[in-house]
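Here are some notes from going through this one, mostly on how the chains are related and how they meet. Have a look at the model first, then see whether you read it the way I do.

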Protein chains: 4
Amino acid sequence: MLSFENDYQEGACPQILARLIETNLEPLSGYGSDFYCERAKEKIRQACECPQADIHFLTGGTQTNQVVIDSMLAPYEGVAAAATGHVSLHEAGAIEFTGHKVLALPHHEGKILAEELEASLRAFWEDPNHEHMVFPGMVYISHPTEYGTLYTKAELEHLSSICEAYEIPLYLDGARLGYGLMSDRTDVTLSDLCRCCDVFYIGGTKVGALCGEAVVFPKSNAPRHFLTRVKQHGALLAKGRLLGIQFDMLFTDDLYFLLSRHAIDMSELLKAGLKKKGCPFYLESPTNQQFLLLTDAQIERLKRFTTFSFWEKPDEEHIVVRLATSWATTEESVRALVEAFDEILA
Amino acid sequence: MLSFENDYQEGACPQILARLIETNLEPLSGYGSDFYCERAKEKIRQACECPQADIHFLTGGTQTNQVVIDSMLAPYEGVAAAATGHVSLHEAGAIEFTGHKVLALPHHEGKILAEELEASLRAFWEDPNHEHMVFPGMVYISHPTEYGTLYTKAELEHLSSICEAYEIPLYLDGARLGYGLMSDRTDVTLSDLCRCCDVFYIGGTKVGALCGEAVVFPKSNAPRHFLTRVKQHGALLAKGRLLGIQFDMLFTDDLYFLLSRHAIDMSELLKAGLKKKGCPFYLESPTNQQFLLLTDAQIERLKRFTTFSFWEKPDEEHIVVRLATSWATTEESVRALVEAFDEILA
Amino acid sequence: MLSFENDYQEGACPQILARLIETNLEPLSGYGSDFYCERAKEKIRQACECPQADIHFLTGGTQTNQVVIDSMLAPYEGVAAAATGHVSLHEAGAIEFTGHKVLALPHHEGKILAEELEASLRAFWEDPNHEHMVFPGMVYISHPTEYGTLYTKAELEHLSSICEAYEIPLYLDGARLGYGLMSDRTDVTLSDLCRCCDVFYIGGTKVGALCGEAVVFPKSNAPRHFLTRVKQHGALLAKGRLLGIQFDMLFTDDLYFLLSRHAIDMSELLKAGLKKKGCPFYLESPTNQQFLLLTDAQIERLKRFTTFSFWEKPDEEHIVVRLATSWATTEESVRALVEAFDEILA
Amino acid sequence: MLSFENDYQEGACPQILARLIETNLEPLSGYGSDFYCERAKEKIRQACECPQADIHFLTGGTQTNQVVIDSMLAPYEGVAAAATGHVSLHEAGAIEFTGHKVLALPHHEGKILAEELEASLRAFWEDPNHEHMVFPGMVYISHPTEYGTLYTKAELEHLSSICEAYEIPLYLDGARLGYGLMSDRTDVTLSDLCRCCDVFYIGGTKVGALCGEAVVFPKSNAPRHFLTRVKQHGALLAKGRLLGIQFDMLFTDDLYFLLSRHAIDMSELLKAGLKKKGCPFYLESPTNQQFLLLTDAQIERLKRFTTFSFWEKPDEEHIVVRLATSWATTEESVRALVEAFDEILA
């Protein structure tokens, strides 16, 4: 049985495990105050070309979204996000749990349009009753999106300029950031993110770590007493070293980028193979997630060859499924899956 | 420099790291639905002699307290706890963050007295204005407490019977449970906890794991849709395997108990050595944390030999410090520390 | 200057003020435990033909929505509501403040369609990832809606049967309930609401009271310790008599219905007059709020004659405004306003 | 039967009712934006000799405490208050509901000591683990306290200087402020409060109004978007006029002070009479609430003559009861009650 269910089905990349073992007996202070956390932060600042960035490590994606959004919003503010955004749909109300509304914007293959964002912000401020409404206090985007799509640099700059005009922060959810940065079809760099965003995170869990996300505040703008906020959310790890050592390793010798690039290569190989077979794609994804539009019968046959994720049901006859690659995907398994589509599509 | 600062300064016990490596490339389903989580739960049920227990894994102690307390209380209820309880003092308001008051009870070396608990519950219900007050909806105890002390079986049974009479759950915070169970001076077993408590957790972070706590609902009484509650708190790990594999290992061949026993042995060795030197103890602790009552000058000298934790300042002349042992403490380091007290106390 | 801005611009109907004065010096117990609250509840039960109803008084509409929804939902649940519902748009996030998501449904002149509700509930339960999503735990409708429209009895019964099938309560926001019940074009009675809804409120603030809303739980199903929940929300009035006396009066000699009927008569007179003048209506409202679709120039002229409310801006050339009648609207003022439209529309 | 149960058992003082009737038919804009609210604010600013004060009206005491404390604290902060403070004990957890801890301080007949406050603040900041604790972000005092006692001007100034030194606001709960200001034994004026406090409220509900409290931010320091915060808490009254008209009246011709003075006169008459009879007082109260220490048998006899409030049970043999006077208390009823004590104490 092949495994293309998601990009977090294995443990960690071997280099990380080796590093955990090497450092295991060093006694280190807790709660993220150790040497490895510091060094990892410094390496990330260098990778971002952003020496003044505040950096904090958290354990998972939903946790990161909850802590960052809650601690950057005023209590009367909500966060604007695509209706398909992770915070809108798939976090069990983690944002509302902290008292904030997610203000849904239309999505276009997972992305929001700067024009639609601007129209919605303008409509809020022009509404004479806006004091009775939730203030839009932040814009959330994911990159890659939940559909694997990417913003262009021009699009990011446009969103950024709108946020600046309305004096609200732009937050980028980078749960799969590596795959975005290493895509063949992107002009966006880490340094661009530091320029365009007020906060973003570099996802580890889905890019080779056991767990962990690195939150970057590129303008030295971490919320006051952020460590206490993290603790209050139940999100402060006692053995902060677990996060520090992993990110220290990921940002050594470009490991984060090499792992991501491998997943992209595998994804492109898969896409090319499936296209050749005539497999119908739901949309064009330039990253490590590919979305297929299959019939029930095809899905039944797919199940015999590989694990995959159910995504959505656009109509009665079809289902969208996701196939994901990662650092752990082998060329061999991709070729085997492509071959299986002869039978699956038949 | 020696290291007695706490019991979470190293990584994980070597057996856990080895197991993470062995299982690393197995593709597993996410969010705690994998084989290792299931097997770890089954082993814990056996260790508890409690086949019907619901078990869930979380990442850290404050997170566990927050999720468990919030999901077991009605919204108009608070949790009664010692004024020195971790939830009362050292979780940055994580319980209040979820809308619940911590109702402080007097403490006796970290423990609450059943009689005082009963008096406080009775006073609440007899107060004609109690509908304008926070309902006591749960009792929280830690075992070992924040002062390393332990409840006896009779004390636990007494607390349990009061909770039963008032129809509220008894919750035991077992962040350091192993050290309690393996103390020379305890008559409490895991099976007793299943009988006396409505929920408790078996701490991993402070007993040899990289992270992780196992919440046990011994009466098949996990709150409805607990996984969604965990997700809503931002506490659901994508790679649930990280927790499952660790607890699977900890409950194989009594590893959890052997690690704990080693720490107790080291703690007893330290205690005996220091007592012989005439070192003043703040209280008598039967577990892996020892509390010394030192002067400022003694503390200055202590700093030259080992790391330790500041605990509290009972008066102008003294400071209470904590020395902690763990699975990683060596006999050699204990002997070196004891020896150093000739100079420290001088 | 005429006044058609809203239905809460005057104080209270004179009968209520007279009653407040008559009872003013009677010492009464606080927090809603007084004789008048009891008698008002009994009269409402009779008007509803629902002797077993639990009834509670609150001060205002948003407060009522917040307290009712928060106290009836489980923490992991949200409330489904029209995207134009008061709870969705105009309560400054009061629902999210209590940790619950408002799950937006498409609206049709303010109403939701049973078919669309059913489809959304079914989609949730069929989604294999639904444990990572907010559970739909209640359905909120307003009647009259924010656009003055009404559900038919058949529509209510349909919504009710879907809620029953999915085992979630149906909640009806009756901020303007009187105007709904006394409309010429309704077949819905209070007794129908008791049958179809699990909770609803009878609005006082917008139907002749100084303040006050009566929450009806027709199935003796008030949440446990509801008074404490109300207190916890900061919503318990010390002088509960203020609410009890008003509702006692409103439900004496059909006052609530007579006040509402007068407003409907005035609204129908206004509508007939404006239609005759060729005034464009935004939609057909059978209650006390009328929505006109005017140009900027017309609005400027309208301002010279009367106060009114801005509603929304459907396109660049038009604005929707609302004119509202109430118990205090005089026939004279309606005729004056109608006449003014010769000039306004010119 | 006499009535000394509390100071909110009657409706409103007659002048307020008369004013509500006079103004009843004036159409006014909603949500506190009307002329009477504005004029009441101006009159309060004059009474406070504080022209720059921001003033907002809310409906009740617990609501006011909740809204003010929540909107002035940072999310990681709690409020320090006497263990007997209303926010600590009798608001059903309304403060914790908004995510904030109430940090209990020792009380002395309801008051906190500046020295103890300072020690607790210093201890927090000196604790090396304070980032894991709730930050003290505000100090709450009530004046009069829940025991009818008062701070002296020197005590207020001392508390104020400590708050200033630690850069946290001082909040004074003035639910019964009138009785404090008009006590025979006070040197505190409204103007002192503006100088010493960062926010306080002038209670209406317990001093002659139907409902309503006036929050004063004497340093033009109302939290940003306070109206939206109020709305979000479900605390914004549609007919804001109800509050504005009452406070406009209360601050016309010194009505607020005359009503309060009458209650003080009645309280002093009662106290003098009871002392002469040898009645045991629990403590010395200079305001409108008197606390008696009676036996069960005496309480049984007391019940035959008057209503009163149970306060607390200091030991098995005694009960503390409260007798309260108000604007509505007559000299005749006081004399009758005093006389009854011949029999009650016998």
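1. Start with chains B and C. Bear in mind that this is a predicted model. Turning one copy by 180°, with 0.0 Å of shift along the axis, lays chain C on chain B at an RMSD of 0.0 Å. The pair is therefore related as by a two-fold rotation axis. If you want to find that axis from the chain C side, look for C:Pro75: its C-alpha is the one in chain C nearest the axis, at 4.4 Å.

2. Do the two copies of this pair meet through the same surface or through different ones? Of the interface residues of chain C, 100% are also interface residues in chain B, so the copies use the same surface. The contact takes in 16 residues of chain C and 16 residues of chain B.

3. On area, chain C and chain B bury about 1600 Å² between them, and carbon and sulfur atoms account for 59% of it. For the polar side of things, there are zero salt bridges between chain C and chain B, but six residue pairs are in polar contact, with both residues at pLDDT 80 or more. Which helix should you look at here? H10(C) gives the largest share of the side of chain C that touches chain B, namely five residues. By class, that side of chain C has seven nonpolar, five polar and four charged residues.

4. Now the other partner, chain D. A turn of 180° and a shift of 0.0 Å along the axis put chain C on chain D, again with an RMSD of 0.0 Å. One surface serves both copies here too, as 100% of the contact residues of chain C recur in chain D.

5. How many residues does chain C bring to its contact with chain D? The count is 45 residues of chain C in contact with 45 residues of chain D. About 3800 Å² is buried between chain C and chain D, with 62% of that area from carbon and sulfur atoms.

6. As for specific contacts across the interface of chain C and chain D, the rule finds zero salt bridges. It does find 22 residue pairs in polar contact there, both residues being at pLDDT 80 or more. The helices of chain C that each give two or more residues to the side touching chain D are H1 (14-22), H3 (61-72), H5 (94-97), H10 (226-232) and H11 (241-250). H3(C) gives the most, with four residues. Sorted by class, the side of chain C that touches chain D has 19 nonpolar, 19 polar and seven charged residues.

7. Last, a word on helix H12, taken in two chains. In chain A, H12 (residues 255-276) has 22 residues and spans 32 Å from first C-alpha to last, close to the 32 Å expected at 1.5 Å a residue. Just after H12(A) comes A:Gly278, with a positive phi of about 85°.

8. For chain D, helix H12 (residues 255-276) also has 22 residues, and its reach of 32 Å between the first and last C-alpha is close to the expected 32 Å. What follows H12(D)? There you will find D:Gly278, whose phi is positive and near 85°.

Methods. Residues are numbered from 1 along each chain as its sequence is written. Chains are lettered from A and ligands numbered from 1 in the order in which they are written. This is a predicted model: local features need pLDDT of at least 70, side-chain atom pairs count only at pLDDT 80 or more; totals for chains, interfaces and linings use all residues. Side-chain values use heavy atoms; hydrogens and water are left out. Copies are superposed by least squares on the C-alpha atoms of residues with pLDDT of at least 70 in both. Contact means heavy atoms within 4.5 Å. Buried area is the accessible area (1.4 Å probe) that two parts lose on being put together, summed over both. A salt bridge is a side-chain nitrogen of Lys or Arg within 4 Å of a carboxyl oxygen of Asp or Glu. A polar contact is a pair of N or O atoms within 3.5 Å; within protein, one must be able to donate a hydrogen and the other to accept it, and residues adjacent in sequence count only if both atoms are side-chain atoms. Ala, Val, Leu, Ile, Met, Phe, Trp, Tyr, Cys and Pro count as nonpolar, Asp, Glu, Lys and Arg as charged, and the others, Gly among them, as polar. The expected span of a helix is 1.5 Å times one less than its number of residues.
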